[in-house]
Amino acid sequence: MSSLIERKRLINKRFGTIDEGVLGNVEDVVEIKWPDISEEYEVNGSKLIYKLIKDIDASADRIAEIFNNGFYEMVHNTNKEWHLYSEKIVEKVRTGDYNFYGCYLGDELIAAESMAIHRGDRIMEWCSGCVDPVYRGKGVWRYIGVYNNLIVEKSGAHFGFVWVITSHRYSQMAAERAGYVVMGCAPGMLFYGGMDKRYYRPVIIMYGKLYDAGRKHMQNWESVLLTEQSEKLVSLVRESF
């Protein structure tokens with residue numbers, strides 16, 4: 001009977017030992033917003049302007065064109081194919097949980113990237129970015145991570161993350177320039193298709209970064225309980241965290 005009483009005391013209690021000092025008040029959590037930020041960078045003699053794509057109805061066709069031209073691997077992936085269709089792009093953005101930021105050369109939208117708010121966890125994800133192949137080599141990826149960092153920082157999100165591919169290094173370099181650190185590797189996690197009806201599963205790297213409120217209220221490392229395998233990963237993450 002005593003053991004049953006002890007177990008009942010665990011009802012509505014946090015699992016494990018969490019330091020009271022890291023606990024925040026839910027009432028103080030700021031709602032995540034889509035910041036309207038415009039930044040200009042000069043790369044290889046070209047002035048590139050990064051900004052929120054405000055009029056999604058007017059820009060959806062161009063966004064879809066960019067992804068159709070340059071993100072071949074989205075074909076046959078039902079979680080990502082919506083980037084290829086203007087009407088689905090508009091539909092996603094109108095939910096309020098997705099949005100697009102773009103890179104402009106003059107008045108021309110030459111690259112677009114989708115971002116998502118995961119409101120329950122108060123985090124923001126860099127989803128999918130694409131440069132129109134006609135404009136590759138202009139240096140779009142040189143500052144995309146720096147710009148994305150500003151977006152997440154100003155949004156009120158506690159944490160930002162991105163999964164990047166390993167068939168090139170540009171996305172990894174962009175995340176690292178933003179101060180994001182490697183938090184994991186997922187071999188074969190995603191499904192990458194193509195118009196030729198063939199597919200492969202890439203090796204994916206996860207990068208992440210804690211922002212002010214997130215860092216303040218993170219579980220203390222000292223209370224983390226790990227298996228031998230997970231301890232190896234955590235030790236590597238802590239080195240650069």
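**Burial, helices and salt bridges: how do we know?**

Modeller: Let's start with helix α4, where V140, I144, G145, Y147, N148, N149, I151, V152 and S155 are buried. Keep in mind that we are looking at a predicted model.

Colleague: How do you know that the length of α4 suits a helix of 16 residues?

Modeller: From its first C-alpha to its last, α4 (residues 140–155) reaches 22 Å. At 1.5 Å a residue, 22 Å is expected, so the two agree. Just after this helix comes G156, with a positive phi of about 95°.

Colleague: How do you know that the span of helix α2 agrees with its number of residues?

Modeller: The helix runs over residues 56–70, and its 15 residues should span 21 Å at 1.5 Å a residue. The C-alpha atoms at its ends are 20 Å apart, which agrees.

Colleague: Which residues of α2 are buried, and what do they pack against?

Modeller: The buried ones are I56, S59, A60, R62, I63, A64, I66, F67 and G70. They pack against helix α3 (86–94) and the strands β3 (98–105), β4 (108–118) and β5 (123–131).

Colleague: What makes R62 buried?

Modeller: The relative accessible area of R62 is 15%. Buried means under 20%, so R62 qualifies. Its partner E65 has 39% relative accessibility, between the cut-offs of 20% and 50%, so E65 counts as partly exposed.

Colleague: Why is the pair of E65 and R62 called a salt bridge?

Modeller: The closest N and O atoms of the two are 2.9 Å apart. The cut-off is 4 Å, so the pair is a salt bridge. E65 and R62 are 3 residues apart in helix α2, which means that about one helical turn separates them. R62 and E65 also belong to a network of salt bridges with E108 and D132.

Colleague: Why can such side chains pair at all?

Modeller: Opposite charges can pair when the charged atoms of the side chains come close. The structure holds 8 salt bridges. One of them joins D36 and K54, at 2.9 Å from N to O. D36 sits in the loop between α1 (2–8) and β1 (38–43), and K54 in the loop between β2 (46–52) and α2, so the pair ties together parts 18 residues apart in sequence.

Colleague: What makes K54 exposed?

Modeller: Exposed means over 50%, and K54 has 63% relative accessibility, so it counts as exposed. D36 has 48%, so it is partly exposed.

Colleague: How do you know that R94 and D57 form a salt bridge?

Modeller: Their closest N and O atoms are 2.8 Å apart, and the limit is 4 Å. This pair links distant parts of the chain, with R94 in helix α3 and D57 in helix α2, 37 residues apart. R94 counts as exposed at 59% relative accessibility, while D57 counts as partly exposed at 48%.

Colleague: Why does K80 have no salt bridge?

Modeller: The nearest side chain of opposite charge, that of E125, is 6.2 Å away from K80, and a salt bridge needs 4 Å or less, so none is counted. K80 is nevertheless buried. K80 lies in the loop between α2 and α3, and the residues it touches include M74, S128 and L190.

Colleague: How do you know that C103 is in no disulfide?

Modeller: The structure holds 0 disulfides. For C103, the nearest cysteine sulfur is that of C130, 12 Å away. A disulfide needs two cysteine sulfur atoms within 2.5 Å, so this pair does not qualify. C103 has 2% relative accessibility, so it counts as buried.

Colleague: And why is the sulfur of C185 in no bond with the closest cysteine sulfur?

Modeller: The closest cysteine sulfur is in C127, and at 20 Å it is too far for a bond. C185 has a relative accessible area of 48%, so it is partly exposed.

Colleague: What makes Y180 buried?

Modeller: Its relative accessible area is 3%, well inside the "under 20%" rule, so Y180 is buried. Y180 is found in the loop between α5 (170–177) and β7 (181–187). Among the residues it touches are W126, N149, V152, G160 and Y207.

Colleague: How much of the chain is buried?

Modeller: Of the 241 residues in the chain, 41% are buried. The chain's secondary structure comes to 7 helices and 8 strands.

Key: Residues numbered from 1 in each chain as written. Predicted model: local features only at pLDDT ≥ 70, side-chain atom pairs only at ≥ 80, totals over all residues. Heavy atoms only, no water. Helix = DSSP H or I, 4+ residues; strand = E, 2+ residues; numbered from the N terminus. Buried < 20%, exposed > 50% of the residue type's maximum accessible area, 1.4 Å probe, protein only. Contact = heavy atoms within 4.5 Å. Lys, Arg positive; Asp, Glu negative; His and termini not counted. Lists of a residue's contacts leave out its neighbours within four places in sequence.
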